[in-house]
Amino acid sequence: MQVYLDYSATTPTRPEAIALMQEVLSQQWGNPSSIHAWGQRAATLVERSRVQVARLINAPPEAIVFTSGGTESNNLAIFGVAQHYTRPQHIIISQVEHSAIEQPVRLLEQWGWAVTRLPVDALGRVNPADLKAALQPNTVLVSIIYGQSEVGTVQPIAELCHITRSYKKSQDILFHTDAVQVAGRLPLDVQQLPVDLLSLSSHKLYGSQGAGALYVRPGVKLVPLLSGGGQESKVRSGTQSVPTIAGFGIAAELIAQEMATETPRLIRLRDRLFAHFSEMPDLLPTGDLIHRLPHHVSFCLPHADGEQLNGKVLVRHMNLAGIGISAGAACSSGTLLPSPILTAMGYRDRVAKAGIRLTLGRDTTEADIDWTAMALKQILARLIPQPQLTQGLMAEV
Ligand SMILES: Cc1ncc(COP(=O)(O)O)c(C=O)c1O
């Protein structure tokens with residue numbers, strides 16, 4: 001039995017998107033900027049997709065800027081705002097951002113910008129009071145991840161937005177959220193949620209890789225990252241990738257339609273897997289179990305030594321059992337580094353090298369969940385033969 005449980009890494013492109021993309025590639029291959037019929041047919045496809053993606057977040061279509069994916073959308077949000085300023089300003093992010101926010105912000109830091117990284121608690125939640133205290137007269141952007149990809153925690157984005165808005169100089173502060181993991185799984189409505197910028201990625205919601213979008217609230221001006229033909233309302237130059245954008249559109253429309261039934265189903269499966277964990281004392285759930293992505297299960301191994309037993313080792317064993325999951329910690333020159341997310345949540349290095357994520361999706365069944373739990377139990381019994389006490393989980397403070 002093969003079980004794919006890594007839907008947060010990427011989702012399989014859904015058949016409807018594949019069919020449309022094939023049609024576009026073979027028949028509608030015009031350049032959407034051309035004014036002849038070939039071009040205009042392609043432009044119609046891009047505009048239809050813009051409407052479909054906009055509907056997913058209840059935005060006006062003209063507020064959607066197509067990009068190559070979530071990474072580009074995040075970079076466009078950060079640098080598109082920062083480049084307005086000739087002098088370094090202040091930006092606020094959290095300690096649990098995706099690298100597609102953390103890395104651009106590090107560059108800003110090297111260029112002299114002041115950066116506040118809001119701490120998180122042991123569940124990975126930002127405290128709104130910390131944001132309130134961090135806002136300064138020269139703050140120009142707040143960017144907080146909506147649903148954390150490694151530990152599943154969902155941040156109180158509405159409250160964080162309102163705090164930013166109520167700061168006295170708030171007219172100058174933009175609010176961005178990386179909603180790549182949330183879109184299509186939890187309702188998103190930018191008419192209710194006063195964000196200025198919001199990132200989306202096609203391949204996280206059953207479109208293909210290579211397309212994404214940044215919602216830009218009407219009136220918000222960004223400095224483009226790319227200079228060129230001025231496509232996408234002059235915010236993102238470059239001929240649009242019509243096949244991937246078309247696939248993104250249909251995928252966005254279908255996931256929006258299915259959310260009312262699919263999200264509760266995912267929550268049931270997620271909680272079923274968490275319930276299995278109660279029989280496995282060798283693992284501990286990570287992240288917030290209440291404010292949580294519907295498709296997201298994560299845990300750490302409290303007995304991990306970081307070397308013989310770590311996240312990668314478990315992922316490899318699960319892979320041999322035919323189950324695809326992922327580990328949070330990354331390798332650098334062959335050495336396993338602790339996950340910065342688990343470290344920010346207070347876990348010791350050896351435990352922060354042993355964070356695991358299982359993410360569910362449209363094809364996941366109850367049988368998959370039970371099979372995975374059984375395999376996990378057997379593998380853990382082999383890897384951790386002695387019952388051990390859970391101690392020394394968190395770093396000393
Ligand atoms: C929260 C989050 N933001 C951004 C990205 C990057 O998206 P993409 O792979 O489309 O560049 C990812 C992908 O893993 C993600 O999970």
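## The shell around the ligand

By class, the residues that form the shell around the ligand are two nonpolar, nine polar and two charged. The structure described here is a predicted model. The shell holds 13 residues, and those that come nearest to the ligand are T71, D178, Q181, S201 and K204. Among the elements of the fold, helix α3, which spans residues 70-82, gives the most to this shell, with three residues.

## Polar contacts and cover

Several side chains place polar atoms beside the ligand. In T71, a polar side-chain atom lies 2.6 Å from an oxygen atom of the ligand. H98 also has a polar side-chain atom beside an oxygen atom of the ligand, at 3.3 Å. For D178, the ligand atom concerned is a nitrogen, which is 2.6 Å from an N or O atom in the side chain of D178.

On its own, the ligand has 390 Å² of accessible area, and the protein covers 85% of that area.

## The pocket that holds the ligand

Where does the ligand sit? The ligand is placed in the largest pocket of the model. This pocket has a volume of about 730 Å³. Its lining is made up of 36 residues, of which E97, H98, S99, S149 and E150 are the closest to the centre of the pocket. H98 is thus named twice in this report: it lies among the residues closest to the pocket centre, and its side chain has a polar atom 3.3 Å from a ligand oxygen atom.

Four elements give two or more residues each to the lining of the largest pocket: α3, α4 (99-110), β12 (326-327) and α9 (340-344). Of the lining, the largest share comes from α4, with five residues. Helix α3, by contrast, is the element that gives the most to the shell around the ligand. By class, the lining of the largest pocket divides into eleven nonpolar, 18 polar and seven charged residues.

## Cavities

A search of the whole structure also finds cavities, and two of them are of 30 Å³ or more. The largest cavity has a volume of about 50 Å³.

Which residues line the largest cavity? The lining consists of G184, R185, Y206, I255, E258, E262, T263, L266 and R362. In terms of class, three of the residues that line the largest cavity are nonpolar, two are polar and four are charged.

Note on methods: Residues are numbered from 1 along each chain as its sequence is written. This is a predicted model: local features need pLDDT of at least 70, side-chain atom pairs count only at pLDDT 80 or more; totals for chains, interfaces and linings use all residues. Side-chain values use heavy atoms; hydrogens and water are left out. A residue is near a molecule or strand if one of its heavy atoms lies within 4 Å of it. A polar contact is a pair of N or O atoms within 3.5 Å; within protein, one must be able to donate a hydrogen and the other to accept it, and residues adjacent in sequence count only if both atoms are side-chain atoms. Accessible areas come from the Shrake-Rupley method with a 1.4 Å probe; for residues, only the protein chains shown count as cover. On a 1 Å grid over the protein atoms alone, a cavity is a set of points where a 1.4 Å probe fits but cannot get out, and a pocket is an open set with protein on both sides within 12 Å along at least five of seven lines; lining residues have an atom within 4 Å of a point. A molecule sits in a cavity or pocket if more than half of its atoms lie within 2 Å of its grid points. Ala, Val, Leu, Ile, Met, Phe, Trp, Tyr, Cys and Pro count as nonpolar, Asp, Glu, Lys and Arg as charged, and the others, Gly among them, as polar. Grid points are joined across faces, edges and corners, and a volume is the space filled by probe spheres set on the points.
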